[in-house]
Amino acid sequence: MTTTIRKESASDNKTSLILILKNGKDWKGHVAFTTDEIIYIKKQFADKNNTVVLNQLNRLLVAHNPEVKSEVYKTHEALRKVGNTLCMELNKHKMKSVSIVDESGVKGGALAMAEGMALGNYQFNELFSNGTAKKNSLTTIGVVAKDSSKEDVEFINITVQATYHARDLINLPLSHLNAVQLSKAFQKMGKEAGFKCTVLNKAKIQSFKMGGLLAVNKGSIDPPTFSVMEWKPRNAKNKKPYVLVGKGVVYDTGGLSLKPTANSMDFMKSDMGGAAVAGCAMYAIAKAKLPVHVIALVPATDNRPDGNAYVPGDVIKMYSGATVEVLNTDAEGRMILADALTWAKRYKPQLVMDFATLTGAAAAAVGQYGIVCMGTASEATKDKLKQSGNEVYERLAEFPFWDEYDELIKSDIADMKNIGGPYGGAITAGKFLQRFTDYDWMHFDIAGSAFLKAPDSYRGKNGTGTMVRMVANFFRHHA
Ligand code: BES
Ligand code: ZN
Ligand code: ZN
């Protein structure tokens, strides 16, 4: 199931039409509306009803008066949300396509509305026996706006498709997506988009002595995988590659430090949300043929209790050679990410970014409204990342990263332990990861926003695909 956004030169009189207009200013109107309709719409706008839907039976005719905010990115976000509302309206009336015409003068306004509409049109019907019967009617969204180029429109179309892929992966339960299946999904996406994907199997992972990944996998009956994806176009502008690392815990029971089932385990199929970001951002970057050399790494396994599972108290020798005292088997994400961060050193990278549903503490701190980040990248890089975050409305909240937090993960019997104290849990997790880096690095904890239990406009419900658009935007506009 997909929804296509495409640039159109004009609207016609058969397809549903959304006009983004300007209030106050004397709009010339549009041939689509009669004089009476224009009078009616103007009155509605004056009464603060900013979205007027006229049902012409074979199509909907919509006039929207955009809420212009203090900053453009906020106006765009408001338009995305209106796009989602109109998406539901169009589906309710069984409309297959719509054209969005922008006469408001908000730069990129029609495209933002189209983006919200396409993201809101996502469905995960794969596992219903009658999935096709539930299918939305809307499939095509046309953008008629001079201020958005064909490339701009196609880029948003690609990032929406990539977000759909990420949502699909997150929504698939363990019964349908184990570590091997996740790496196969990346290989399939690589074939389609044109990036390389090599998968290290358990024997290879053992030969490299990736102790962190192997320790978490000990309780599993399924083998782990380590996926290495690469996009290296001839016209790449960077000499040193960017590296994306994603936490690929396909299911997190907590291991022997078992989570209580009812509340905290139900949605732990989403613990590979970071892996989805790494793989699906690669998909977008390659599909859009961005001139940038990027590598993505995904260590993957499930985390389960079993006769052979790693236990609290174990000391693990990591791929880096460092030793870790495991005091909570539920702090497994950092164990597998550490090996991938060590692997990243071989590329002498320009910047490494990791994405992970890492801590409940990050989710508790910012909720679903943003992404917790921290790291050692330059202030200039952090600013660009924050700007990208605002542009796609996946906002970053940078946490303090003081040395004192590192002292909280000191161990009596090993180089470090895998948990800190009761406070600053998102940060001590970050400090653990930092010990495996020797390059510019940013850590993104997406525990709060990767998966939603209730719908939130165009982000929908369940897997959101958060950060796929953000990373793609960063590489297109700011890297
Ligand atoms: N996958 C969880 C974090 C998580 C929690 C993601 C809620 C999404 C929603 C992670 O592996 C975990 O269990 N972290 C522990 C760490 C603790 C044991 C130090 C946590 O946050 O409680
Ligand atoms: Zn865990
Ligand atoms: Zn986890």
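**Close-up views of the zinc sites and selected local features**

Figure 1. Sequence spacing and coordination at the zinc ion (ligand 3). The donor residues of the zinc ion (ligand 3) follow the sequence pattern K-x4-D-x18-D-x60-E. This view, like the others in the set, is taken from a predicted model. The protein donors are K247 through NZ, D252 and D271 through OD, and E332 through OE, at 2.0 to 2.4 Å from the ion. Six donor atoms surround the zinc ion (ligand 3), and because the angles they subtend run from 77 to 172°, the arrangement is octahedral. Of the donor residues, K247 is buried, with a relative accessibility of 1%. D252 is likewise classed as buried, at 2% relative accessibility.

Figure 2. Coordination of the zinc ion (ligand 2). D252 (OD), D330 (O), D330 (OD) and E332 (OE) coordinate the zinc ion (ligand 2) at 2.0 to 2.2 Å. D330 thus appears with both O and OD in the list of donors. Along the chain, the donor residues are spaced D-x77-D-x1-E. The six donor atoms around the zinc ion (ligand 2) subtend angles of 70 to 167°, and the arrangement is therefore irregular. D330 has a relative accessibility of 23% and so counts as partly exposed, since the buried class requires a value under 20%. E332, by contrast, is buried at 1% relative accessibility.

Figure 3. The pair of zinc ions and the bridging residue D252. A separation of 3.2 Å lies between the zinc ion (ligand 2) and the zinc ion (ligand 3). D252 bridges the two ions. E332 (OE) is listed among the donors of the zinc ion (ligand 2) and also among those of the zinc ion (ligand 3). The bridging residue D252 is buried, with 2% relative accessibility.

Figure 4. Packing of helix α10 against helix α14. Two packed helices are described by the angle between their axes and the distance between the axes. Helix α10 spans residues 333-344 and helix α14 spans residues 425-434; the two pack at an angle of about 35°, with axes 9 Å apart. The crossing of α10 past α14 is right-handed. On the α10 side, the contact comprises R334, M335, L337, A338 and L341, which meet A429, F432 and L433 of α14. By residue class, this contact contains seven nonpolar residues, one charged residue and no polar residue.

Figure 5. Surroundings of I20 in strand β2. I20 belongs to strand β2, which covers residues 16-20. With a relative accessible area of 1%, I20 is buried. Excluding residues up to four places away in sequence, I20 touches H64, P66, L79, I100, V101, D102, E103, S104, G109, A110 and M113. A63 is 43 residues from I20 in sequence, while the C-alpha atoms of these two residues are 6.1 Å apart in space.

Figure 6. Positive phi values at K48 and K289. Most residues other than glycine have a negative phi. K48 has a positive phi, near 70°, and lies in the loop joining α1 (35-46) to β3 (51-55). Its relative accessibility of 72% places K48 in the exposed class. K289 also has a positive phi, near 50°, and is located in the loop between α9 (273-287) and β11 (294-303). At 60% relative accessibility, K289 is exposed.

Notes:
Residues numbered from 1 in each chain as written. Chains lettered and ligands numbered in written order. Predicted model: local features only at pLDDT ≥ 70, side-chain atom pairs only at ≥ 80, totals over all residues. Heavy atoms only, no water. Donors = N, O, S within 2.8 Å, 3.2 Å for Na, K, Ca; no water. Tetrahedral: all angles 85-135°; square planar, octahedral: opposite > 155°, others 65-115°. Buried < 20%, exposed > 50% of the residue type's maximum accessible area, 1.4 Å probe, protein only. Axes fitted to C-alpha atoms, helices over the stretch in contact; angles between N-to-C directions. Helix = DSSP H or I, 4+ residues; strand = E, 2+ residues; numbered from the N terminus. Left-handed = near helix turned anticlockwise from the far one by under 90°. Contact = heavy atoms within 4.5 Å. Nonpolar A, V, L, I, M, F, W, Y, C, P; charged D, E, K, R; others polar.
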